[in-house]
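Subject: Structure handover

Hello,

Here is the structure you were going to look at. My notes on it follow below.

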Amino acid sequence: RVQSPNSITLDHPIQPPNESIQVPPGDVPALKAALLAATPGSRVQLSAGVWRMARMDRLEVPRGVTLSGSGMESTRLLWPTQNGAACLATGWPTRRVALITGSGEGWSLSDCAVEIVGGLSQNDTKADCPVIAPCSISGCTAGMALLRINVSVVADQSGVDMFSPQVGMGEAIHLSDSSSLVDSVVQHSGDCGSNVTPLITLAGSNLLVQRNSFYFGCTLYSMRSVSRVLWTGNLAEYLGVGGLSLIHI
């Protein structure tokens, strides 16, 4: 819903939690168990520490639940290099299924760092596996809220083409209906290939992108059937050949 040309009211803003589930530092099985046990309105709380995920490990946040760390610098979720072959081998749908997803409306992620060590790669254009998106095996939902997160997806490769086997970059974030990205930092860099991959994809209506810092090596964003978006107070820097000064967008 749009209140004015310069404001957007989200259908599912982050709310104070009804209960908090504490997860021991670095304990990935406990984290997954906490997400399974969480009920709408609760918070799964991560302390300072590092959680090391396996390739194609996915965290699925339930409807109305917040997964929250203790800060972008102190709580880190790490994945090894991802590739499209591994994505397709899981048997999940081949489009926009992410490492961090939601199983219902109104889920959120806040106050943590998400890092793909070695970046993303894909095997062909049928595999689209971003880092964060509101899509799970059951489909895509509305109302994803991302607040104070630091996402790093950097692939140091050369001569890579997304149409070739097991190479190329995937997007960092996919925002769809009634979703938001606020006060966050996203770095997305690598070999772009012939299918230029954006840092962020925007789709649907009622999107909020506010006060973020973006560092991109391919394309900053793409839009798919967007009807309503508020993009304000963001900074962006191109990391490709020639580079650009930090610009307000």
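A residue is called buried under 20% relative accessible area, exposed over 50%, and partly exposed in between, using a 1.4 Å probe and counting protein chains only. By that rule Arg52 is exposed, because its relative accessible area is 62%.

Two notes on the source. This is a predicted model, in which local features need pLDDT of at least 70 and side-chain atom pairs count only at pLDDT 80 or more, while totals for chains, interfaces and linings use all residues. Residues are numbered from 1 along each chain as its sequence is written, and side-chain values use heavy atoms, with hydrogens and water left out.

Overall

The protein has two helices and 23 strands; these are DSSP runs numbered from the N terminus, with helices (H or I) of at least four residues and strands (E) of at least two. Of its 249 residues, 52% are buried. The exposed surface comes to about 10200 Å², and carbon and sulfur atoms supply 52% of that. Accessible areas are from the Shrake-Rupley method with a 1.4 Å probe, and for residues only the protein chains shown count as cover. A contact means heavy atoms within 4.5 Å. Among contacts between residues at least 6 apart in sequence, 70% join residues at least 24 apart.

Arg52 and the core

Arg52 sits in strand S5 (residues 49-52). Leaving out residues up to four places away in sequence, Arg52 touches Val28 and Leu78. The C-alpha atoms of Arg52 and Leu77 are 6.3 Å apart, although 25 residues separate the two along the chain.

Leu77 also appears in the largest nonpolar core, which has 46 residues; Leu77 is one of those that touch the most other members, along with Leu31, Val44, Leu109, Ile132, Val151 and Ile173. A nonpolar core here is a set of buried Ala, Val, Leu, Ile, Met, Phe, Trp, Tyr and Cys residues joined through side-chain atoms within 4.5 Å. In soluble globular proteins, nonpolar side chains tend to be buried together. Not counting residues up to four places away in sequence, Leu109 touches Leu67, Ile100, Val114, Ile132, Ala145, Leu146, Leu147 and Ile149.

Salt bridges

A salt bridge is a side-chain nitrogen of Lys or Arg within 4 Å of a carboxyl oxygen of Asp or Glu. The count is four, among them these three:

- Asp57 pairs with Lys32, with the closest N and O atoms 2.9 Å apart. Asp57 is in the loop between S5 and strand S6 (59-61), and Lys32 is in helix H1 (residues 28-37), 25 residues away in sequence. Asp57 is buried at 17% relative accessible area, whereas Lys32 is partly exposed at 30%.
- Arg76 pairs with Glu115 at 3.1 Å, N to O. This bridge links strand S8 (residues 75-79), which holds Arg76, to strand S10 (residues 108-116), which holds Glu115, across 39 residues. Arg76 is partly exposed at 31%, and Glu115 is partly exposed at 24%.
- Arg211 pairs with Asp183, the closest N and O atoms being 2.7 Å apart. Arg211 lies in the loop between strand S18 (207-210) and S19, and Asp183 in the loop between strand S15 (180-182) and strand S16 (185-189), so the bridge ties together parts 28 residues apart in sequence.

Aromatic pairs

There are three aromatic pairs. Rings of Phe, Tyr and Trp (its six-membered ring) pair if their centres lie within 6.5 Å; planes under 30 degrees apart are stacked, over 60 edge-to-face, and the rest tilted. The rings of Phe216 and Tyr238 have centres 5.5 Å apart and planes at 45°, so this pair is tilted. Phe216 is in strand S19 (residues 213-216) and Tyr238 in strand S22 (residues 235-238), 22 residues apart. Phe216 is buried at 12% relative accessibility, while Tyr238 is partly exposed at 24%.

Tyr221 and Trp231 form another tilted pair, 5.3 Å centre to centre with 50° between the planes. Phe214, Tyr221 and Trp231 make up one aromatic cluster.

Surface patch

Tyr221 also belongs to a nonpolar surface patch with Met223 and Val229, about 260 Å² of accessible area together. Patches are made of residues with over 30% relative accessible area and no salt bridge, with like charges joined within 9 Å and nonpolar side chains (Val, Leu, Ile, Met, Phe, Trp, Tyr) within 5 Å. Tyr221 is partly exposed at 38%. Met223, in strand S20 (residues 219-224), is partly exposed at 47%.

Regards
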